[in-house]
Amino acid sequence: MFSSLLLALTHAQDFMGLLAPAALLMFLIAQFRLLRVPRTFDLTTMAFIVLTVWLVVSTVFNGTWVGIPISNYVSQYCQMFYMVGFYLIMRFIKFNDRLEKYVFGSVIFAGCLYSLLSLFSLYIHPLTIWGVKFSGQGFVFGPFGAHDPMAAMTGVALVLAWVLFNERASRPFQKFIPIWLLLPAMGILAMTFLLARSRGYAVGLIIALFLPILWRTLVDFKSRKMSRQVLLGLVSAGFICIAMGFVLSDRIASIFQTGAAGAVSDDPNVETRFLLWLRALGLISQSAVTGIGPGAFEQVGLQMTSEVPYLVSQRRAGTYSTTKIEFDPEGGLHAHDVFLEIWVEWGLIGFVLIFTAFLSAMYAARKAIRRYDDQLPDEGRRRFMLSLAATLFLFLCGSGLTGGYTLMSPTTCWLFYFVLARMRVGLAHDRRLLALPKPEART
């Protein structure tokens with residue numbers, strides 16, 4: 001339990017230094033007796049392994065690590081190395097019916113703890129730890145200052161709590177995390193999320209909550225039955241949309257009102273995003289298949305040499321800025337779109353590999369549920385894990401429309417990778433159970 005809590009506390013903040021890797025190592029030591037290398041590798045694991053090889057090839061081919069320490073390069077500009085290792089570690093831990101429950105409980109606890117500290121700092125007395133303020137300028141900040149990681153962390157925890165509360169198949173986990181704890185937790189997380197005021201993660205949360213509820217509503221309406229969970233979900237989703245609209249009213253008003261304060265045409269954030277997207281598309285057109293190398297998009301003075309026109313180009317020069325260049329689309333900023341970020345840096349090869357890994361894991365879980373879920377006990381666990389993975393995927397992709405690292409940053413996506421890995425472990429465990437001979441009936 002302690003290693004799970006430490007894992008959640010260190011990953012629920014902006015990815016810095018050695019805190020998160022050290023916690024992952026402690027988690028690995030705590031689970032050492034359960035480590036086992038699978039005899040066969042599934043499509044998802046193979047995709048991650050091939051992706052790792054491709055990242056190394058792309059990095060060496062483009063030399064994107066030049067001019068920066070390797071540790072900083074991995075932790076800041078190529079976090080996918082860390083996430084691939086994280087997935088494989090969780091994939092190689094044998095089935096343990098309590099492991100997910102400990103981790104899920106720790107995620108909600110860590111999210112609520114950081115939220116309460118930030119709310120206290122915002123409304124009661126400012127808190128400063130290690131020279132970093134927990135709040136400022138009317139925003140709720142996370143343990144390392146920035147409000148974007150705070151929104152990402154609380155959004156992930158809120159999605160988890162939401163699925164636990166609403167999913168019909170979540171009873172095995174509700175026994176570990178009771179409903180009466182989920183309700184105040186969701187309230188704390190939702191309030192903190194709104195006060196963080198991160199537009200990208202707000203869009204992602206609306207997509208993650210709205211689409212599944214809409215789908216279930218249509219299915220239930222067609223079958224002429226409406227569960228209390230769906231009704232509560234519809235009301236809650238409407239409330240969240242209205243609340244977010246109120247909090248972000250200045251942004252929404254500027255879309256429909258010409259000359260309004262903070263108009264889109266005068267907003268450097270919006271203008272810079274369009275310029276970043278145009279730059280990303282231009283670089284993709286130069287090296288669509290192989291990309292320009294992990295982290296290269298953020299380099300200033302980037303120079304490319306064409307090897308195969310429009311398909312393969314090699315980075316020849318470029319340096320990382322020592323300070324963040326704000327509102328400058330020519331370097332120092334990421335692409336602010338996770339799909340463009342992956343394509344421009346890893347190429348079409350990396351893009352296909354990463355989404356093959358994600359979708360194959362969820363497809364295999366869905367196929368297994370349809371095929372033999374009724375033959376095994378505890379079917380609720382399988383359905384819940386798939387529902388959580390799909391909802392987190394929607395949240396990360398929705399947030400990634402204006403965020404460049406939602407599928408790569410440990411702060412944002414570590415729980416998603418954990419669920420993907422544990423789904424595959426559970427699937428292998430189920431297959432072994434089906435292969436066992438059934439006990440003979442007593443006469």
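The legends below describe close-up views of a predicted model. Residues are numbered from 1 along each chain as its sequence is written, and side-chain values use heavy atoms, with hydrogens and water left out. Because the model is predicted, local features need pLDDT of at least 70 and side-chain atom pairs count only at pLDDT 80 or more, whereas totals for chains, interfaces and linings use all residues.

**View 1. The largest nonpolar core and the contacts of Leu 415.** The largest nonpolar core (buried Ala, Val, Leu, Ile, Met, Phe, Trp, Tyr and Cys residues joined through side-chain atoms within 4.5 Å; buried means under 20% relative accessible area, exposed over 50% and partly exposed in between, with a 1.4 Å probe and protein chains only) has 95 residues, and those with the most contacts inside it are Phe 104, Leu 415 and Tyr 417. Helix α7, residues 147-166, supplies the largest share of this core, 14 residues; helices are DSSP runs of H or I with at least four residues, numbered from the N terminus. Leaving aside neighbours within four places in sequence, Leu 415 is in contact (heavy atoms within 4.5 Å) with Val 103, Phe 104, Val 107, Val 156, Leu 160 and Leu 392.

**View 2. The salt bridge between Arg 422 and Glu 100.** A search of the whole structure finds two salt bridges, each defined as a side-chain nitrogen of Lys or Arg within 4 Å of a carboxyl oxygen of Asp or Glu. In one of them, the side chains of Arg 422 and Glu 100 meet at 3.3 Å, N to O. Arg 422 belongs to helix α16 (residues 410-435) and Glu 100 to helix α6 (residues 99-123), so the pair ties together parts that are 322 residues apart in sequence. Arg 422 is buried, with a relative accessible area of 0%, and Glu 100 is likewise buried at 0%.

**View 3. The salt bridge between Arg 316 and Glu 307.** The closest N and O atoms of Arg 316 and Glu 307 are 3.6 Å apart in this salt bridge. Glu 307 counts as partly exposed, at 40% relative accessibility.

**View 4. Helix α3 and the residue that follows.** Helix α3 has 20 residues and reaches 28 Å from its first C-alpha to its last, close to the 28 Å expected at 1.5 Å a residue, where the expected span is 1.5 Å times one less than the number of residues. Buried residues of α3 include Phe 48, Leu 51, Trp 54 and Leu 55, whereas Val 60, found in this helix (residues 43-62), is exposed, with a relative accessible area of 55%. Just after α3, Gly 63 takes a positive phi of about 60°.

Methods
Helix = DSSP H or I, 4+ residues; strand = E, 2+ residues; numbered from the N terminus.
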